[in-house]
Structure formats: C-alpha cells, structure tokens
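The following paragraphs lead the reader through a single protein model, from its overall make-up to the packing of its interior. Please keep the structure in view while reading.

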Amino acid sequence: MGEKRAYKARKPGGGRKKLKPEYDAGKNLKDQMDAAVALYEEDCSLQSIADVLNLNPIKVRKLLITAGVYESEVAEKVQDTFERYRKTQDYKTSILSTATVLGLSKASVTSYLPYEKGVYFPNTADKEKISVGAERQRRYRAVRKLRTEPTEEHLWEVVLLYAGVRFKTYSGLPFTYEIRKGRNGQYTKELWIDRRENSKSLAWSSVLLALGNIKKVEEVVERPKALGDIRGVTYIYGMFYRFGLIDVPDEAKEKMKKAFSKSS
C-alpha cells in the first residue's frame, strides 16, 4: 500500500466555483417583473406581455401578482385561503389544503401565489420586517377593502401603509407624508407632509371631513376645493385619487401618472 497523504485543510471559500458567477436569479426576476408591470400599466393583455417578454401568460400573471398589481377574484380567493392555512401549516401543505378546498390543482394554486414566500407575513407585522413584494400585496388588499367599504378604519389602514410613498398634487407637485408615534408608542392621528424643503402637518380630522364630502361631489372631482374648504385639501386630493376613492380630470391624471409609475 502507498503512503497515506497528510490531511490538508481547505481554504475558506473553497469548493466548486459557480459556472455563471454573474448570474443573479433575484435580479432577473425583478427585471422581468418591472418589465411586465410597465406593459400591464399600458393596458396590455397577459398574452401580449408574454409575447414581448418571451414568457408564458401564467408566469406573466405570477409576476404581476408578485408586484401587487394584478386584480382577480380567483387570485384574491386563492391567496386569502392560502394565508389562512399558512398560519398553522408549512408552505407545501398549505398549497395542498388550498387546492383541496377550492377544487383546484396544486399547480393552479401556485400560479396565483407571489414568487416571494416572505410575502406571507401577518397583517400586524411592521413594514420594515416584510419584503417589498409583501408590502405591495398588503397595500393592494387594503385599497380594495377601502374602495368596497370607505370607512374611517379602512382609510386609516391604507394611510398607514402608504406612508413614505410618493404622491402628486393636482398641479403635479410631488410629496410624501409620514406618521409619527407618540410617547406611548402609538401612531398619532396627524400626517406630516414632506415638500422637500419643509414639512406641514395635516390633521386626521381634515382627511375625514374630505372623506365625508366624497358623496356630495360628482364622479370626477374637477378640483381639490370641490372636496371642501379644508386645510391641506390639495394633498388629500392626490391621496384620494391614488387610493381610488375619487376620479380626476385627464389633465390631472397626466401630471400624477409619473409619480405612480415609480412607486407602488
């Protein structure tokens, strides 16, 4: 027998090298998702988007679901059912349970779920603890609920979720807002509007007053003042349009459009 060689410790970072070190699956997914969303916002069909991106329509739909921009009763039902089971079951078992209850195949259930597993956080989890995709999904669901039932509670939920998101006023001026917490750790009912150089406070009572006036105006709200002689109504106008509570003239839509396409 030959002489036994002494053991040689492996260098840190050793092992098989990646065949394609430049390949980044996460980046590729994001690039595909951004491209699909851009086309979808131009009212392109799933099939036409698939043709442009050289993907199948089911994957396109899944990309749009991950981005939080795809609306469908089936998608919402699948995701709600899955989330309910996910609280007590692992990922694969939750898919199987959802498929059984809804009478769908496992592949069909999966096709209506986002790519990111991290999207399934409880609704009470802080925004900082969830992924971008999860935050988009949360905003999407909250807005749908608000449009169906425009109550103070639902509006407050949406307002919290959109803190830090970019809006535009009727005249096209960009702004964001933040909601601060008091000494007790609870959010104060006051929005701080950031206009870059300075901040202005917007009382929650003013937002509620505008909400109550929505039923008194036409379907298309021509100007912010149509919502009432309310302090800060120019900001409320931009927020309400973003939330789908009001419609605005085409001229105003064009001024606001660029802001919305850059954030979700």
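A residue is called buried here when its relative accessible area is under 20%. By that criterion, 38% of the 264 residues of the protein count as buried. The model is a predicted one, and its secondary structure comprises 11 helices and four strands. Of the contacts between residues at least 6 apart in sequence, 50% join residues at least 24 apart.

The interior may be considered next. The largest nonpolar core contains 39 residues. Within this core, the residues with the most contacts are Leu155, Val159, Tyr177, Phe240 and Phe243. Several elements supply at least two residues each: the helices H7 (132–148), H8, H9, H10 and H11 (250–261), together with the strands E2 (174–178) and E3 (190–194). The most is given by H10, which provides seven residues. Another core, of 22 residues, lies apart from this one; Ala36, Val37, Ala50 and Leu63 are among its members.

Helix H10 merits a closer look. The helix spans residues 233–242 and is mostly covered, with nine of its 10 residues buried. Those buried residues are Val233, Tyr235, Ile236, Tyr237, Gly238, Met239, Phe240, Tyr241 and Arg242. Phe240 is thus both a buried residue of H10 and one of the residues with the most contacts inside the largest core. After H10 comes Gly244, which has a positive phi, near 80 degrees.

Which residues does Phe243 touch when its neighbours within four places in sequence are left aside? Its partners are Val143, Leu146, Arg147, Leu155, Val158, Val159, Tyr162, Phe167 and Tyr177. Three of these partners, Leu155, Val159 and Tyr177, are also listed with Phe243 among the residues with the most contacts inside the largest core.

Two further contributors to that core, H8 and H9, also pack against each other. Helix H8 covers residues 152–161 and helix H9 residues 204–213; their axes are 11 Å apart and form an angle of about 125 degrees. Because angles of 65 to 115 degrees count as roughly perpendicular and those over 145 as roughly antiparallel, H8 and H9 are oblique to each other. The crossing of H8 past H9 is right-handed. On the H8 side, the contact is made by Glu152, Leu155, Trp156 and Val159, and on the H9 side by Trp204, Val207, Leu208 and Leu211. By class, this contact has seven nonpolar residues, one charged residue and no polar residues. Leu155 and Val159 of H8 therefore belong both to the contact with H9 and to the residues with the most contacts inside the largest core.

Notes:
Residues numbered from 1 in each chain as written. Predicted model: local features only at pLDDT ≥ 70, side-chain atom pairs only at ≥ 80, totals over all residues. Heavy atoms only, no water. Buried < 20%, exposed > 50% of the residue type's maximum accessible area, 1.4 Å probe, protein only. Axes fitted to C-alpha atoms, helices over the stretch in contact; angles between N-to-C directions. Parallel < 35°, antiparallel > 145°, perpendicular 65-115°, else oblique. Left-handed = near helix turned anticlockwise from the far one by under 90°. Contact = heavy atoms within 4.5 Å. Nonpolar A, V, L, I, M, F, W, Y, C, P; charged D, E, K, R; others polar. Core = buried A, V, L, I, M, F, W, Y, C linked by side-chain atoms within 4.5 Å.
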